[in-house]
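Biologist: I would like a close look at a single part of this chain, its charged side chains and what lies around them. Please take it pair by pair.

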Amino acid sequence: QVQLVQSGGGSVQAGGSLRLSCAASGFSGNLDLMAWFRQAPGKEREGVATIYTGDSTTFYADSVTGRFTISQDNGKNIVYLQMDSLKPEDTVTYYCAATERWTGIRSWDHVPMYKYWGQGTQVTVSS
């Protein structure tokens, strides 16, 4: 059974940085995509960034491009989200997600494509 366990997050002032981690376990094959999503109360979950684990190709939402960086530690099956230049509007709950196969037909941020989800981590950015 695949498990995604998140750590990191917390509170920071605007302009500060935080790093989220997501450790994957319990899978026997590959996880093609590992991603970060975020969701505000009453709103749809939106993609933040994803990494194609095969060759470390990354994709980002326009709202975080240049500020957030997704990376992976293959040996430990961990994905990180380094968040710099944080803004108050980044204040939401962040979720790690993963899927075993990605054919490229669906967009990287297609929520139903992701089978596995972390428990969620709150990030709060104060102005």
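How many salt bridges does the structure hold?

Modeller: This is a predicted model, and the structure holds four salt bridges.

Start with Arg 38, which lies in strand E4. Arg 38 forms a salt bridge with Glu 46, and the closest N and O atoms of that pair are 2.7 Å apart. The two partners differ in exposure: Arg 38 is buried, because its relative accessible area of 7% is under the 20% limit, while Glu 46 counts as partly exposed at 37%.

A further salt bridge brings together the side chains of Arg 67 and Asp 90, at 2.8 Å from N to O. Arg 67 sits in the loop between strand E6 (57–60) and strand E7 (68–73), and Asp 90 in the loop between strand E8 (78–83) and strand E9 (92–99), so this pair ties together parts that are 23 residues apart in sequence. Both Arg 67 and Asp 90 are buried.

Glu 100 and Lys 115 also meet through their side chains in a salt bridge, with 3.0 Å from N to O. Glu 100 and Lys 115 are both in the loop between E9 and strand E10 (116–117), so the pair ties together parts that are 15 residues apart in sequence. Glu 100 is partly exposed, with a relative accessible area of 29%. Lys 115 is exposed, because its 53% is over the 50% limit. As for the other charged residues, Arg 38, Glu 46, Arg 67 and Asp 90 are joined into one network by salt bridges that share partners.

Arg 38 has other polar neighbours to consider. The side chain of Arg 38 makes a polar contact of 2.9 Å with the side chain of Asp 90. Another polar contact, of 3.4 Å, joins the side chains of Arg 38 and Ser 63. Leaving out residues up to four places away in sequence, Arg 38 touches, among others, Glu 44, Arg 45, Val 64, Phe 68, Val 92 and Tyr 94. Arg 38 and Thr 121 are 83 residues apart in sequence, with 9.2 Å between their C-alpha atoms.

Tyr 94 leads on to the nonpolar residues. The largest nonpolar core has 29 residues, and Tyr 94 is one of those with the most contacts inside it, as are Leu 4, Met 34, Trp 36, Leu 81 and Met 83. At least two residues of this core come from each of strand E3 (18–25), strand E4 (33–39), strand E5 (46–52), E7, E8, E9 and strand E11 (121–126). With residues up to four places away in sequence not counted, Leu 81 touches Trp 36 and Tyr 94, and its contacts also include Leu 18, Leu 20, Val 48, Phe 68 and Ile 70. Apart from the largest core lies another, of six residues, including Phe 37, Ala 97, Met 113 and Tyr 114.

Finally, there is a covalent link. The structure holds one disulfide, which joins Cys 22 to Cys 96 with an S to S distance of 1.9 Å. Cys 22 is in strand E3 and Cys 96 in strand E9, and the pair links distant parts of the chain, 74 residues apart. The link is left-handed, with -75° about the S-S bond. Cys 22 counts as buried at 0% relative accessibility, and Cys 96 is likewise buried at 0%.

Terms used
Residues numbered from 1 in each chain as written. Predicted model: local features only at pLDDT ≥ 70, side-chain atom pairs only at ≥ 80, totals over all residues. Heavy atoms only, no water. Buried < 20%, exposed > 50% of the residue type's maximum accessible area, 1.4 Å probe, protein only. Helix = DSSP H or I, 4+ residues; strand = E, 2+ residues; numbered from the N terminus. Core = buried A, V, L, I, M, F, W, Y, C linked by side-chain atoms within 4.5 Å. Contact = heavy atoms within 4.5 Å. Polar contact = N/O pair within 3.5 Å; in protein donor to acceptor, adjacent residues only side chain to side chain. Disulfide = S-S within 2.5 Å.
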